[in-house]
Every structure is written in structure tokens, then in C-alpha cells.
Amino acid sequence: MISKRIVLHFPHRLVDQPIVYKLVKEFDLQFNILKAYVTPQEEGLMVLELSGEEKNFNKGIEYLQSCGVRIQPLSQDVIRNEAKCTDCGVCVPICPTGALLVDPLTRKVHFYDNKCIACELCVKICPTRAMEVHF
Amino acid sequence: MKTIKEINEKIKKGNAVVVTAEEVIELVQKKGAKICAQEVDVVTAATFGPMCSSGAYFNIGHSKPRIKLGGGICTLNDVPVYAGFAAVDIFLGATAVPDSDPLNKVFPGEFKYGGGHVIHEIVAGHDVRLVATTYGTDCYPRKKLETTINIKDINEAVLFNIRNCYQNYNVAVNLSDKIIYTYMGVLKPNLGNANYCSAGQLSPLLKDPYYKTIGVGSKIFLGGGIGFVAWHGTQHNPIVPRKECGVPQAPAGTLAVIGDLKQMKADWLVGVSMLGYGVTLNVGIGVPIPVLDEQTIKYSAIKDEEIYTQIVDYSKNYPHCIPDSLGEVNYAQLKSGKIKILGKEVPTGNISSYPKAKEIAEELKSWIKKGEFLLTEPVAPLPGAESGYTVKPLKENPSLA
């Protein structure tokens, strides 16, 4: 069993296709939609937590790519601009998954991107706008 | 008993013992105040957080032909500045925003750029665009000016903050069932989070609670350069109730500070945007506390566990000036990440950066150790706890309400 958080970019021609449905039906994968939107005339974007048997998972990813869906791991998309972060910690109680935590010794704020679900709550509340999303 | 003069002699010789306001805590616990008072000469305290009543003034030099900005309209990078002085003096406030900013029309407003950001860019050495329109006179005939200015070319660039360095601050919470956007950050409904804003045991006025060493004329670290305490800050309120150790249990004293912006560093003056609230400036301040006697070192060794503050509801009580505390917590509890309010466990967040405050305290310590920074004798005291000096609400004219 593996589980990964991935970002799917759907080209304009695919946004009306039931692609995620096939992941369940044909590859026996479980998914949890963390975020989804379709920009008019542009592309669709979906952040998924996808889990299943490794063999099925890989086949599912191959299927998505064969349809023309571009895939990226989520951790590449939400980043912290270290030069801008002042380690204040105002983001910490806002983060719903505990991806932003204060080190009790140094009081510095750590960003655990593997826990991030790209909800973007931290992005606008960061006073120095140190949290960046690059979908 | 030591004098500032004696401490300065030691600093000049390079053998002054300097510790940060964090290090002094353990030292006093280990050796006792009596011994530490003899051994330690200076304690460096510091803070780094949003301080809205900050600003800077500039003298941009005279153009050819001359223009009189006083009485006209002037912007820096589209942010309005106050020009109501003589010909080419302008004042930029940290919270000013461009006229084109949508503000809170689409709520919550993002407030991406304003005075705080302009100050940061000026200190960083960037060119900023100055646009002015005014009326002409016989001696100042020019009516329009559009140019870029740079800190290295203009005459004076002075940071002048009329209220900074709060001695203690509220913990902000939201008792309502809707999210609220405040200067204390985003507050989730039904006690979803509790935000505080102080460096606690590192914060200057908490380590000299009765202003025994800090006064008008005290030389300080300001924005990475050298500054001075110019006056007590606006809303200075030294008469609030205090704990036995002397620390006020609610926001109390404040400082007005001034310093040459040309020597300051962009790392310590950072423009920030508070969602749904506005723009402000993160300011870094470090204050050296001379260890004159056992009492000063005892005060400087006050720790988070001893510093209490009030929990205030920002959904109703704060905006409507209803004085009501939901309880008292200390900074050790706040820094644990969770506090209990009305029986509920609430996660905490800080608006002020403790790691940056620590960095400032270390930096000031190194300046003093190297003999580059001498202490000054205050020339006048700040209004103290017994002074009767207090902050008053606005007396509104009922006939105009």
C-alpha cells in the first residue's frame, strides 16, 4: 500500500472527462480530493491524496499521463521563501494539518511539506507573504 | 553598585561582560543576583514585531526650479506621504496604502503594499518613485515633480517611530462564531486560536519594568543601526496593575524611538501585510540594560513564567472598548503552544518573532563586546508607575455624534 499527495494538471480538452472515476474503477485506487478548480478556458487543477497497491498506483499514474494529465508531487508546489520568513509563528495555529510547527527549543518555525495539503490558508495570513504556491 | 560611566570604561577596554536577556535568566538562577550583579555589566534585551506607529521622514533636496511640496500632494511608489512641512520634507507612515488599493471592499483585503514596504525598499537601497503636485509661488514656481529617489542621494532619511516596543501585550481571541481579521492576525471562531505579540523574557521594557535604566536619550539598536529613545511612546500607560516582580499584567509602557535610516538594514525593517487589516512595519529594537545594582539584574532576569498578560476577545470586547479579560496567562504557557481558555484548549501563535529578537540581542551584545557601542545616561526619565500618567479614551463631542 502506498499513499502520495499529487497535483494533477488537466488540459482544457480533458476537464469534462470522468478521469478520476477510472482510477477507482479500473485501478482500485482510493482518493481524497484536497483541492480542485477549473479555470474557464484554461486548465483544471486537482490536488489528490492517492492510495493503493504500488502496482496499481503506478498503472494509475501511467493512465493519467497517457490521457495528457501532467503530474507533480505536492511538495514541489508549496514552498516557504526562507529569506522572507521571520519565524514569528502566526501561521502555526492556522495550519489544519500541523505542517507548520514551532521548534520548542529554538522557537523557529518548521515547514513539513509532506504534511501540507495545499489548502493555502497560510499563504494570505503570512505577514511577510513567505509561503508561496506554484501550481 | 556600578555607574554607566564605569561600565563604559570596561566596554572601551574590551572587557565588559555582556549577556542577553535570555542568558541572564539561567545565570542568575545558578549564581544568584548578588554575584551576577558584580560579574555582569550589560544585559541586552530585544524585540522584533509589527509596530504600526512607525514612520520615516526624508529631506529629498531642492529641485531646479524649486518646488514646495508643503501644501501639495506627494506619493512614494504610489503610497501617500505627508508633505505638510516646508518645501522638501516629507513623512511616510508605515500603515499608509496607495489610493488605488481596494482596501476591505472585497473582504478580507490583502493590503499587499504600503508604507511599511516602501520603508523596507528604501533601506534596502532601492530607487523609489516620487510623484508630487502642488501650487506654485514666486519663490517655488514648480508645480509638478516625478522622479526616483534613493537613500544614498537624499539629505536626511530618519526613522521616527512614535510608539514602539510595547511593554507587554494582549492575547487576542475570537468568541464569535465567525472568522475575524485583526491586527493580531486571523482569529478563528469559537476560540479557534489565541495570538500573542511579545518576545516575553527578551522584550526590553519587561526586563526593566520600572524604567530604572531606560529613559529619554538611551542609545539603542534600531532597525540594524543606532537609534535613541526620543520620548515615551504614545499611549504610554505605566499605571496598569503589576505582579510582585514589577511586570505589568497588561499593555503598559511604550517608547518613541528615532535613528538614522541610512545606517539601518532591510532585515530589521520589514513591511508586512495583515489580511483584512492593513499594512505595517516589523521593527527590530535592542536595548542595553546597564547592570547598576542587584535590583537591575533581578529585573533583567525575569522569565516567561513570571510575565502574565490578559486574554481579550477581539470579536466584541476589543472593538467596543469593553474592558473584560477572559483570564490571565504567562508567556511560558503561551510558548507551550496551547493554553486553556474557558475550559477549552486553544492553540497559540505569536506575531512577534522570538528567534529574530534573540538574533538582535546577540548582535547588540557583540557590538558592546567589541567596544563599538557605548551606553548613554538617560537625560530624562519615562513617566513611571507612580506618575499617574495614563492613556485616556477619546472625549467625543456628543452634539456631533
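The paragraphs below lead through a predicted model, from chain A to chain B.

Chain A contains three helices and eight strands. Read from the N terminus, these elements follow the pattern β-α-β-β-α-β-β-β-β-α-β. Along the principal axes, the C-alpha atoms of chain A occupy a box of roughly 50 × 35 × 20 Å. Chain A has 135 residues, of which 30% count as buried. Among contacts in chain A with a separation of 6 or more, 64% come from residues 24 or more positions apart.

The domain assignment splits chain A into domain 1 (2–76) and domain 2 (78–133). The C-alpha centres of domain 1 and domain 2 of chain A are 26 Å apart. To the contact between them, domain 1 of chain A contributes five residues and domain 2 of chain A contributes six residues. On the domain 1 side of this contact in chain A, three residues are nonpolar, one is polar and one is charged.

Chain A also holds an open sheet of four strands, arranged in the order 2-3-1-4 with antiparallel pairing. Strand 2 (30–38) and strand 4 (70–73) of chain A have a single partner strand each and stand at the edges, so one side of each lacks a neighbour in the sheet. On average, and with direction ignored, neighbouring strands of this sheet are turned by 25° against each other. The pairing at one edge can be followed in detail: strand 1 (residues 2–10) and strand 4 of chain A run antiparallel and are joined by four bridges. Within this pairing, A:V7 has A:Q72 in strand 4 of chain A as its bridge partner.

The two chains meet through 17 residues of chain A and 24 residues of chain B. The chain A side of this contact comprises eight nonpolar, four polar and five charged residues.

Chain B is likewise described by its domains. Domain 1 of chain B is made up of residues 4–52 + 159–379, and domain 2 of chain B covers 55–158. The C-alpha centres of these two domains of chain B lie 31 Å apart. The contact between them takes 24 residues from domain 1 of chain B and 24 residues from domain 2 of chain B. On the domain 1 side, strand 9 (157–164), strand 17 (255–260), strand 18 (269–274) and strand 19 (278–290) of chain B each provide at least two residues. Strand 18 of chain B gives the largest share of that side, with six residues. By class, the domain 1 side in chain B consists of 15 nonpolar, six polar and three charged residues.

Strand 2 of chain B offers a route into the interior of domain 1. Nine of the nine residues of this strand of chain B are buried, so strand 2 is largely enclosed by the rest of the structure. Strand 1 of chain B pairs with strand 2 of chain B in the parallel sense over three bridges. One position in this pairing is B:V19, whose bridge partner in strand 2 of chain B is B:V43. Strand 2 of chain B also runs antiparallel to strand 19 of chain B, and nine bridges join the two. Here B:T47 has B:I285 in strand 19 of chain B as its bridge partner.

Two helices of chain B pack against this strand. In helix 1 (residues 4–13) of chain B, the buried residues are B:I7, B:N8 and B:I11. Viewed down the axis of helix 1 of chain B, these buried residues fall within an arc of 100°, so they line one face of the helix. The face of helix 1 of chain B turned away from the buried side bears the exposed residues B:K5, B:K12 and B:K13. The buried residues of helix 1 of chain B pack against strand 2, strand 19 and helix 7 (354–369) of chain B. After helix 1 of chain B comes B:G14, with a positive phi near 80°.

In helix 2 (residues 23–31) of chain B, the buried residues include B:V24, B:I25, B:L27 and B:V28. The packing partners of the buried residues of helix 2 of chain B are strand 1 (18–20), helix 3 (33–39), strand 2 (42–50) and helix 5 (294–300) of chain B. Just after helix 2 of chain B, B:G32 adopts a positive phi of about 90°. Strand 2 of chain B is thus a packing partner of helix 1 and of helix 2 of chain B.

How values were computed: Residues numbered from 1 in each chain as written. Chains lettered and ligands numbered in written order. Predicted model: local features only at pLDDT ≥ 70, side-chain atom pairs only at ≥ 80, totals over all residues. Buried ≥ 20, exposed ≤ 12 C-beta atoms within 10 Å, placed from the backbone. Contact = placed C-beta atoms within 7 Å. Domains from an automatic or database assignment. Nonpolar A, V, L, I, M, F, W, Y, C, P; charged D, E, K, R; others polar. Pairing = 2+ DSSP bridges. Arc of directions from axis to C-beta. Axes fitted to C-alpha atoms, helices over the stretch in contact; angles between N-to-C directions.
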